[in-house]
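Good morning, everyone, and thank you for making time for this short talk. Please keep the sequence and the picture open while I speak, because I will move between the two.

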Amino acid sequence: MELVRNLLESILNLLFPPKCPFCGKVLDRPGTCKKCRAVLPRTGEGDVLRRLDDGLLCIAPLWYEGCVRDALLQLKFHGCASNAVPLGAYIGRCVDEYYSGKFDVVTWTPVSRKRYKKRGYDQAELLARSACLRWGMKPVRLVWKVKDNPAQSSLKSATRRQFNVQGVYKASAEARGQRILLIDDICTTGSTLTACAQTLLDAGAERVLCASAAVTGKSVEFGEE
């Protein structure tokens with residue numbers, strides 16, 4: 001079985017070779033090319049963490065700018081699902097540094113059925129699956145989007161973004177008593193993460209920690225929780 005799996009992987013890599021999500025260079029295996037790794041806009045110490053509403057914390061390994069922004073937009077809107085593999089790996093490493101031992105289960109901020117059907121995948125789910133490879137686990141769907149609201153990216157006002165996600169999500173009863181890591185692609189105002197996290201907490205989750213591939217705007221030092 002392992003031999004068959006390796007053979008299929010080799011054939012797929014031959015037909016669809018992995019590429020660096022930031023410059024498109026063909027690679028031997030999924031990841032980031034050496035040149036891009038050296039210049040990625042990483043969130044340094046003191047910039048990794050953003051404190052969201054209601055005291056929620058969100059970490060992100062990268063700034064949402066330049067080649068990172070382009071890679072995430074390609075993932076989100078242009079069918080480049082393979083970009084989730086290296087981007088999710090960056091999330092995983094960041095989580096290990098700041099949240100190690102602080103969560104029991106991983107979930108993600110979901111897209112609506114309509115958007116999933118149009119896109120063919122949920123980018124946050126793919127990021128969560130990639131990050132989870134680091135811990136030998138699989139993410140669990142604990143949140144559903146029950147309303148196809150306007151895309152957050154179409155709204156520039158923080159107030160409008162907050163209003164846009166009210167009553168949009170529902171959580172599974174399986175959230176009760178769980179320490180949850182909630183993953184999203186981009187943290188701008190944190191409205192989506194906050195809405196999903198609050199839904200999980202209302203369903204009885206013990207704790208929700210947030211992580212995204214990239215973050216915009218001002219962040220705060222990782223300090224007291």
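I will go through the salt bridges, then two helices, then the nonpolar cores, and finally the cysteines.

Before anything else, please keep in mind that this is a predicted model, and that the values I quote are computed from it.

Let me begin with the charged side chains. How many salt bridges does a search of the whole structure find? The search finds four, and I will describe three of them, including the pair made by Arg-134 and Asp-96, whose side chains meet with a nitrogen-to-oxygen distance of 2.4 Å. Arg-134 sits in the loop between helix H6, residues 123-132, and strand E5, residues 143-145, while Asp-96 belongs to helix H4, residues 84-98, so this salt bridge ties together parts that are 38 residues apart in sequence. Both partners are partly exposed, Arg-134 with a relative accessible area of 44% and Asp-96 with a relative accessibility of 28%.

The next pair is Arg-179 with Asp-104, where the closest nitrogen and oxygen atoms are 3.0 Å apart. This pair, too, links distant parts of the chain, since Arg-179 lies in strand E7, residues 179-187, and Asp-104 lies in the loop between H4 and strand E4, residues 105-108, which puts the two 75 residues apart. Arg-179 is partly exposed, at 23% relative accessible area, and Asp-104 is also partly exposed, at 39%.

The third pair I want to show is Arg-129 with Glu-125, with 3.1 Å between the closest nitrogen and oxygen atoms. These two residues are four apart in helix H6, and are therefore separated by about one helical turn. If you have not met this idea before, an α-helix has 3.6 residues a turn, so residues three or four places apart point the same way. Is each of these two partners buried or partly exposed? Arg-129 is partly exposed, at 38% relative accessibility, whereas Glu-125, at 12%, counts as buried.

Let us turn to two helices. Helix H8, residues 191-202, has twelve residues, which at 1.5 Å a residue should span 16 Å, and its end C-alpha atoms are indeed 16 Å apart, so the two values agree. This helix is mostly covered, with nine of its twelve residues buried, among them Leu-193, Cys-196, Ala-197 and Leu-200. After H8 comes Gly-204, which has a positive phi near 105 degrees.

Helix H3, residues 66-77, also has twelve residues, and from its first C-alpha to its last it reaches 17 Å, close to the expected 16 Å. Its buried residues are Val-68, Ala-71, Leu-72, Leu-73, Leu-75 and Lys-76. What covers them? The cover includes strand E3, H4, helix H5, H6, E7 and strand E8. Just after H3, Gly-79 takes a positive phi of about 75 degrees.

Now to the interior, where I would like to start with one residue, Thr-107, which is placed in strand E4. Thr-107 has a relative accessibility of 0%, and it therefore counts as buried. Leaving aside residues up to four places away in sequence, the residues Thr-107 touches include Ala-128, Val-143, Ile-183 and Leu-200.

In soluble globular proteins, nonpolar side chains tend to be buried together. Here the largest nonpolar core has 39 residues, of which Phe-22, Ile-59, Tyr-99 and Ile-183 touch the most other members. Strand E2, H3, H4, E4, H6, E7 and E8 each supply at least two residues of this core, and the largest share, seven residues, comes from H4. Phe-22 is a good place to look, because you can find it in the sequence and then trace its contacts beyond four places away, which include Cys-36, Val-68, Ala-71, Leu-87 and Tyr-90. Apart from this core lies another, of 24 residues, with Ala-60, Cys-196, Ala-197 and Val-208 among them.

Last, the cysteines. How many disulfides does the structure hold? It holds zero. For Cys-94, the closest cysteine sulfur is in Cys-58, 8.9 Å away, which is too far for a bond. Cys-94 counts as buried, at 8% relative accessibility, and Cys-132 counts as buried too, at 0%.

That is the end of my tour, and I am glad to go back to any part of it.

Terms used:
Residues numbered from 1 in each chain as written. Predicted model: local features only at pLDDT ≥ 70, side-chain atom pairs only at ≥ 80, totals over all residues. Heavy atoms only, no water. Buried < 20%, exposed > 50% of the residue type's maximum accessible area, 1.4 Å probe, protein only. Expected span 1.5 Å × (residues − 1). Contact = heavy atoms within 4.5 Å. Core = buried A, V, L, I, M, F, W, Y, C linked by side-chain atoms within 4.5 Å. Disulfide = S-S within 2.5 Å.
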